[in-house]
Amino acid sequence: MMSWKSVPVVLTMSVSLIALTACEEPKVDASIYESIEHCKRDPIVSDDQCESSFKEARSQHAAVAPKYSTAEDCQADFGAGKCEVAPYKSSSGGSIFMPLMAGYMMGSLLGGRRSMMSQPLYRSAQSPNSFRTAENRNVGSKTGRTTVAKSATSRPTFKSSTRSRGGFGSSGRRFGSGAT
Amino acid sequence: MQRISVTERPDLASAAAEHELVYIPGEGISGWDESAYYQFTARQIEKDIEGPAEEIEDLCFQVVDRAVNNEEVLDRLGIPEHYWNFIAESWRNGDKNLYGRMDLSYDGKQPIKLLEYNADTPTTLYESAVFQWEWLEQAIELKLIPEGCDQLNDVHERIVETLPQLGIETLSHFACNPDIEDDKGTLNYLEECAREAGLETCFLGMEDIGLNDQGQFTDLEDRVITTLIKLYPWEWIMDEEFGQHVPSSGVRFIEPPWKAILSNKGLLPLLWGMFEGHPNLLPAFFEDDPAGTEFTGTGSYVRKPIWSRQGANIEIVQDGKTLYQSDGPYGNDAHILQGFQPLPEFDGGYPLLGCWMVASKAVGLCIREDKTLVTSKDARVVPHVILD
């Protein structure tokens, strides 16, 4: 078997792989607002659009926001007074904490229905001027119409408070390679 | 089928560097040997390898179809009862498979014989799909081999084409034992394929997978894992602490759970039991089966643990005497016995044909050559060409 020194880089088979480096990631149009009111002040967005996209982001917030088992851990990442209790309980019945929603991002108004998908945004204690998605992607500090990395606009995943880790991996430590 | 000596490319060290492979001065690229290549006719590839491999795949599916409804078989394969329904449901749901590598004995004349099916965690993927192809292109350009040479090698294209058809809706996670460079390298290549196919990916170690209060698996950012592309054997997953949560985790696994039946060497006696006498199968029996005891009476057989990898814990018995025995950590589980079909010898090497199956189609070939009859982790990949 051949041995890797480190992560392989595919150089031969595909041109598109080379083109897709992080710094050249395609940008797409998006709009970022701190609130419904903020959105309604934007003349190119109708009030209905503002409300429905806020609702869509708000409805995802509890599921996709990062989760913490203590308020202190949450505030360490998002700042004092910037966290709330999540509508979930841990298996032992304890509270779960998550950051407050700090704004929302809508896809391009010119695109199809899919690109209209809206999602909640957060501000971290470390860089309070920038907005971040629930996937911790920085989408910049500019509000109103802006451009963001295309990957930042994909649907955020459900976040939960991890109870334990390390329940996998013991056979690998015992046997080594899992390959055949 | 011929083994033809050939001049190595002059810039092997830089080829190794470009692909971040280990190069040892004086020895060449670790695990790779381009001082020779195997040449097949198009007819050999199509009629002797591709066709039969896809037929074997079909036989394997018939075995799975029967095994998922048979508790005795699942028990014999050492699969814990907790997973029986999980595996059966994944089969009935039609959970899609991505890839696997069939290990075949072939001398260019006799029908191929299935030695085993690495249906769950196959490796040598990058060597087969990328490095071997680059050798072909450059060797033609350098006029080291004839211009008309081709290769059975659609592995990369088919993987990129198949990945988005597996029903992955959102972020997909890739996990293995991160301390093993070979495993990580293979999985990182698959991840590159997924990105090329437009999928969003995240790599993590198996040990980093978390469990939340809802019994779901999470990554290091607490994101719930919905698709896990693993280079980590099913029998390990089922044996480990978090394994009990797997059936209710809601995760789409690639390879799917039903591959646990095919990656087990118990597949070989199950195949023989259903399709005895098939030209591409060798006789095979569970050791604790009366037919197995009877089979040892023939004096020539290969004894393999139902779970083992990279040639470990294999014993070859010929005319009642142990011809070869390899060490390894896998000797404690059940064993199977298989008819002894020695690999052919070409110039002192014993080539083992690995036929790559992607979405159940035979799309690639990888020849590993060892100095012994059992192909171990010390085997070197030797490239192949098709030329009429």
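## A predicted two-chain model: contacts, sheet and helices

Colleague: How many residues of chain B are in contact with chain A?
Modeller: In this predicted model, where two residues are in contact if their C-beta atoms, placed from the backbone, lie within 7 Å, the partners on chain A are 47 residues, and those on chain B number 68. Residues are numbered from 1 along each chain as its sequence is written, and chains are lettered from A in the order in which they are written. Local features need pLDDT of at least 70 and side-chain atom pairs count only at pLDDT 80 or more, while totals for chains, interfaces and linings use all residues. The count asked for is therefore, by the 7 Å definition of contact, 68 residues of chain B.

Colleague: Which element supplies the largest share of the side of chain B that touches chain A?
Modeller: Helices (H or I, at least four residues) and strands (E, at least two) are DSSP runs, numbered from the N terminus. Helix H5 (125–141), helix H7 (181–196), strand S9 (210–212) and helix H8 (234–239) of chain B each give at least two residues to that side. The largest share, 11 residues, comes from H7(B).

Colleague: Which residue of S9(B) stands opposite Ser164(A)?
Modeller: Two strands pair if DSSP finds at least two bridges between them, and strand S9 (residues 162–165) of chain A pairs with S9(B) in the antiparallel sense over three bridges. Within S9(B), the residue opposite Ser164(A) is Leu211(B).

Colleague: Which strands of chain A are the edge strands of the open sheet?
Modeller: The secondary structure of chain A comes to five helices and nine strands, and six strands form the open sheet, with antiparallel pairing, in the order S7-S6-S5-S4-S1-S8. An edge strand here pairs on one side only, and this holds for strand S7 (138–140) and strand S8 (144–149) of chain A.

Colleague: What is the bridge partner of Arg132(A) in S7(A)?
Modeller: Strand S6 (residues 131–133) of chain A pairs with S7(A) in the antiparallel sense, over two bridges. In S7(A), the partner of Arg132(A) is Asn138(A).

Colleague: Why do the buried residues of H4(B) lie on the same side of the helix?
Modeller: A residue is buried if 20 or more other C-beta atoms lie within 10 Å of its own, exposed if 12 or fewer, and partly exposed in between, with C-beta atoms placed from the backbone. In helix H4 (residues 84–92) of chain B, the buried residues are Ile87(B), Ser90(B) and Trp91(B). They are on the same side of H4(B) because the arc they cover around the axis, taken from the directions from the helix axis to the C-beta atoms, is only 100 degrees.

Colleague: Which exposed residues does the opposite face of H4(B) carry?
Modeller: What covers the buried residues of H4(B) includes helix H2 (42–67) and helix H9 (259–262) of chain B. The face turned away from that buried side carries the exposed residues Asn85(B) and Arg92(B).

Colleague: How many residues of H10(B) are buried?
Modeller: The buried residues of helix H10 (residues 267–274) of chain B pack against elements of chain B including H2, H9 and strand S6 (113–118). Leu267(B), Leu268(B), Pro269(B), Leu270(B), Leu271(B) and Trp272(B) are buried. H10(B) is mostly covered, and of its eight residues the number buried is six.
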